[in-house]
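Colleague: Could you take me slowly through one part of this protein, a single strand and its surroundings? I would like the terms explained as you go.

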Amino acid sequence: MVPDSWPKDETLAALDSSLPTHILLRNPNLRRPSESIIPHIFTSQTPIGCFVQTDSELSISSPEFCFLQLASQLPLPKLIELGYEFCGTYSLPAEIEQQQTGKGFVNRPPLTSKHKLEAFISSMQGVRGYQKARQSLRFIQNNSASPMETKLCILLVLPNRYGGYGFPLPILNKRIGLSKAINRSAYRSKYFCDLFWPDFDLAVEYESNAYHSSSEQIASDSKRRNALVAQGITVITVTSQQLHKDMEFEKLAMQIAQNIHRRFWIRNPEF
């Protein structure tokens, strides 16, 4: 819950953070001048699910409450990106983790889900950030496995006015079971597709430069595509170059639009 007193010094010291610590208070008279502690006044009711208790003195915001708090500070596309990370199987790494792994993200179980975010936000009507948080949920999907999958999906589903193409939400990392005949030739019973539109049997796969450039990986990717195509699925691959160059990405979007029977029409003149 939101504390009714300033936290004890030993409680704050236990955080051991080089970044400023933000705390919530009910009473504005409890604020103290501090470079390391940034107080915020929060007088709304805090239903179950706002905080996670770490010990007898300290509670931290749950992922759902943290998302709602950041909704009042982040632009909508950045809030959506954060939602994908919270509901995905990756996290942006601390500096030491990036040095150790050399990767731009680390794998971990999802912090929350779209359903949990929806349920929590619906209980916080009237709280600052509520409207933007609700709006963002229209474009958030579970199970993104990397920051680039997130960016790819967001660019495809956001409305034109935010720089997206307005496509329907795909399923992320959808499990595709292979038939017995294909299973025998592929030596696999299933594959997972990065972005998948089940109504159109369309899979869009992101191929990073880091993990798809070796001869072994190229052969594996080819076998994977062949198996999915044999299963009746259309597979479109996306490279980093396509994702980062406007004209290349527009060509990709046109190809996807054809496969999901969408008219390719940019309605916003400022797109």
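Modeller: Contact here means that heavy atoms lie within 4.5 Å of each other. This is a predicted model, in which local features need pLDDT of at least 70 and side-chain atom pairs count only at pLDDT 80 or more, while totals for chains, interfaces and linings use all residues. Residues are numbered from 1 along each chain as its sequence is written, and side-chain values use heavy atoms, with hydrogens and water left out.

The protein as a whole has 11 helices and 10 strands, where helices (H or I, at least four residues) and strands (E, at least two) are DSSP runs numbered from the N terminus. Of its 271 residues, 39% count as buried; buried means under 20% relative accessible area, exposed means over 50%, and partly exposed lies in between, with a 1.4 Å probe and protein chains only.

The part I would choose is strand β9, residues 202–207, of which 6 of 6 residues are buried. Leu202, Val204 and Tyr206 point one way from the strand, whereas Ala203, Glu205 and Glu207 point the other way. In a regular strand the side chains alternate between the two faces of the sheet.

Glu205 belongs to β9 and counts as buried because its relative accessibility is 6%. Leaving out residues up to four places away in sequence, Glu205 touches Phe192, Cys193, Asp194 and Leu195, and also Arg224, Val235, Ile236, Thr237 and Val238.

Two strands are said to pair if DSSP finds at least two bridges between them. On this basis β8 (190–197) pairs with β9 in the antiparallel sense over 3 bridges, and Trp197 stands opposite Leu202. The strand β10, residues 234–239, runs parallel to β9 and is joined to it by 6 bridges, with Val235 of β10 as the bridge partner of Ala203.

The hairpin of β8 and β9 has 4 residues between the strands, and Asp201 there takes a positive phi near 50°. Phe200 lies in the loop between these two strands and is partly exposed, because its relative accessible area is 29%. Neighbours within four places in sequence aside, Phe200 is in contact with Asn259, Ile260 and His261. From C-alpha to C-alpha, Phe200 is 8.3 Å from Ile233, although 33 residues separate them in sequence.
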